[in-house]
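User: Please help me to read this structure. I should like to know how the terms applied to it are justified.

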Amino acid sequence: QVQLVESGGGLVQAGGSLRLSCAASGSIFSINSMAWYRQAPGKQRELVAVSFSNGRTNYADSVKGRFTISRGDAKNLVLLQMNSLKPEDTAVYYCAYKRGMYAPGFGMDYWGKGTLVTVSS
């Protein structure tokens, strides 16, 4: 079992920044993927960014150049630095963990409860 706890959401004006944190605990596998997803009202959940334990990262096109995913000093911590926020970034942001390497279509194994990010215009 893996537990994920997110923090850092809130209300910010367009153009502002927020940093989300996710701490994983439990049976963490050395080869893993940690990701941030988001779900806006009335829309499907979408992948925002993924961090692989080998250092690689991938981003959704909509956030490239604005968001940065990184691992903390403790490898079970994943951060999402969000800059130049837009109203369309408003969503509940979820942290997710996968034992092994993430690949599209295979999904994640564990999910956090989510943290709300609201960007006002």
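Analyst: D109 is a suitable starting point: the residue is partly exposed, with a relative accessible area of 38%. The model is a predicted one, in which local features need pLDDT of at least 70 and side-chain atom pairs count only at pLDDT 80 or more, whereas totals for chains, interfaces and linings use all residues. Residues are numbered from 1 along each chain as its sequence is written, and side-chain values use heavy atoms, with hydrogens and water left out.

User: Why is D109 called partly exposed?

Analyst: Buried means under 20% relative accessible area and exposed means over 50%, with partly exposed in between (1.4 Å probe, protein chains only). D109 has 38%, so the residue is partly exposed.

User: What makes the contact of K98 and D109 a salt bridge?

Analyst: A salt bridge requires a side-chain nitrogen of Lys or Arg within 4 Å of a carboxyl oxygen of Asp or Glu. The side chains of K98 and D109 meet at 3.9 Å, N to O, and therefore satisfy this rule. The pair links distant parts of the chain, 11 residues apart: K98 is in strand β9, and D109 is in the loop between β9 and β10 (110-111). Strands are DSSP runs (E, at least two residues), numbered from the N terminus.

User: Is K98 buried or exposed, and how do you know?

Analyst: K98 has a relative accessible area of 11%, so it counts as buried.

User: How many salt bridges are there by this rule?

Analyst: The count comes to five. Among them is the pair of D89 and R66, whose closest N and O atoms are 2.7 Å apart. This pair also links distant parts of the chain, with D89 in the loop between β8 (77-82) and β9 (91-99) and R66 in the loop between β6 (57-59) and β7 (67-71), 23 residues apart.

User: Why are D89 and R66 called buried?

Analyst: D89 has 0% relative accessibility, and therefore counts as buried. R66 has 11%, so this residue is buried as well.

User: What makes R38 and E46 a salt bridge, and is each residue buried or partly exposed?

Analyst: The closest N and O atoms of R38 and E46 are 2.7 Å apart, so the pair meets the salt-bridge rule. R38 has a relative accessible area of 5% and is therefore buried, whereas E46, at 35%, counts as partly exposed.

Conventions. Helices (H or I, at least four residues) and strands (E, at least two) are DSSP runs, numbered from the N terminus.
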